[in-house]
Amino acid sequence: MRGQLKDLTGGLGEEKPEGEKSEAAAKGMTQEEFEQYQQQLAEEKMERDASFAQKKAERATVRSHFREKYRLPKSELDDTQIQAAADDVELPTELAKMIAEDNQEEEHKQSVLGQLTNIQNVDIDQLKEKAQSTIEDLKQSAEKCEVM
C-alpha cells in the first residue's frame, strides 16, 4: 500500500535514506561547488538566450526592411522580436552597404536620363536637336502671332 501511495504522490515529502547521496555528492563536488556550477550554468543559458534573441531581432529587422522595400504587409511577430531586443538592432553593415548601392541605382533609373538610357536605339544628341528646333519653331510662330 505504501508503494502505491509513493507512486501516486511522486515521492513528495519523502526523506532520502542514508545510502543515497545528494546531487552534489553524486557529481563529486561539495555543496558550495555544486551551487557555483549551477549558477554558472544559469548565466551561460541567459547569455545564449540573449544572443539568440539578438539574432532573431536582426533577422526580423532584415525581413521588415524587405517588407518596406517591396511594400509587403508588416508582421506583428517581427515587430515584437525587434522590441524584445530593446530596439538596439541594426542592419548588418554588409547588407546596409548593399541597400545603399541599390538605392543609388534605383534613383538613377528613376531619373529622366536613366529612363532614356534604358530605351534602346535612342540618340540623346538627336533628341536635344529636335527639342531645340521645336522651341525655335514655337518662338517664330509666337512672333508671327498678331494677338501678341
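Let's begin with what covers the buried residues of helix H4: helix H3 is part of that cover. Keep in mind as you look around that this is a predicted model. H4 runs over residues 76-84, and its buried residues are Asp78, Gln81 and Ile82. Now imagine looking down the axis of H4: those buried residues fall within an arc of 100 degrees, so they line one face of the helix. Why can residues that are separated in sequence end up on one side? An α-helix has 3.6 residues a turn, so residues three or four places apart point the same way. Turn to the other side of H4 and you'll find Glu76, Leu77, Gln83 and Ala84, which are exposed.

Where on H3 should you look to see this covering in action? Try Ser64, which sits in helix H3. Leaving aside residues up to four places away in sequence, Ser64 touches Asp78 and Ile82. Both of those belong to the buried residues of H4. Is Ser64 itself buried or exposed? Its relative accessibility is 18%, and buried means under 20%, so Ser64 counts as buried.

Step along to His65, also found in helix H3, which spans residues 31-69. With a relative accessible area of 17%, His65 is buried too. Which residues does His65 touch, not counting those up to four places away in sequence? They are Leu91 and Ile99.

Next comes Phe66, and here the picture changes. At 30% relative accessibility, Phe66 counts as partly exposed. The structure holds one aromatic pair, and Phe66 forms it with Tyr70. The two rings are stacked, with 6.3 Å from centre to centre and 10 degrees between their planes. What about the partner, Tyr70? Its relative accessible area is 51%, and since exposed means over 50%, Tyr70 falls in the exposed group.

Finally, go back to H4 and check out its two ends. At the start of H4, a side-chain oxygen of Ser75 reaches to within 3.4 Å of the backbone nitrogen of Leu77. Leu77 is one of the exposed residues you met on the other side of H4. And what follows H4? There you'll find Ala86, whose phi is positive, near 65 degrees.

So, to pull the view together: H4 has a buried face lined by Asp78, Gln81 and Ile82, H3 is included in what covers those residues, and Ser64 of H3 touches Asp78 and Ile82.

Technical notes. Residues numbered from 1 in each chain as written. Predicted model: local features only at pLDDT ≥ 70, side-chain atom pairs only at ≥ 80, totals over all residues. Heavy atoms only, no water. Phe/Tyr/Trp six-rings, centres within 6.5 Å; stacked < 30°, edge-to-face > 60°. Buried < 20%, exposed > 50% of the residue type's maximum accessible area, 1.4 Å probe, protein only. Helix = DSSP H or I, 4+ residues; strand = E, 2+ residues; numbered from the N terminus. Contact = heavy atoms within 4.5 Å. Arc of directions from axis to C-beta. Polar contact = N/O pair within 3.5 Å; in protein donor to acceptor, adjacent residues only side chain to side chain.
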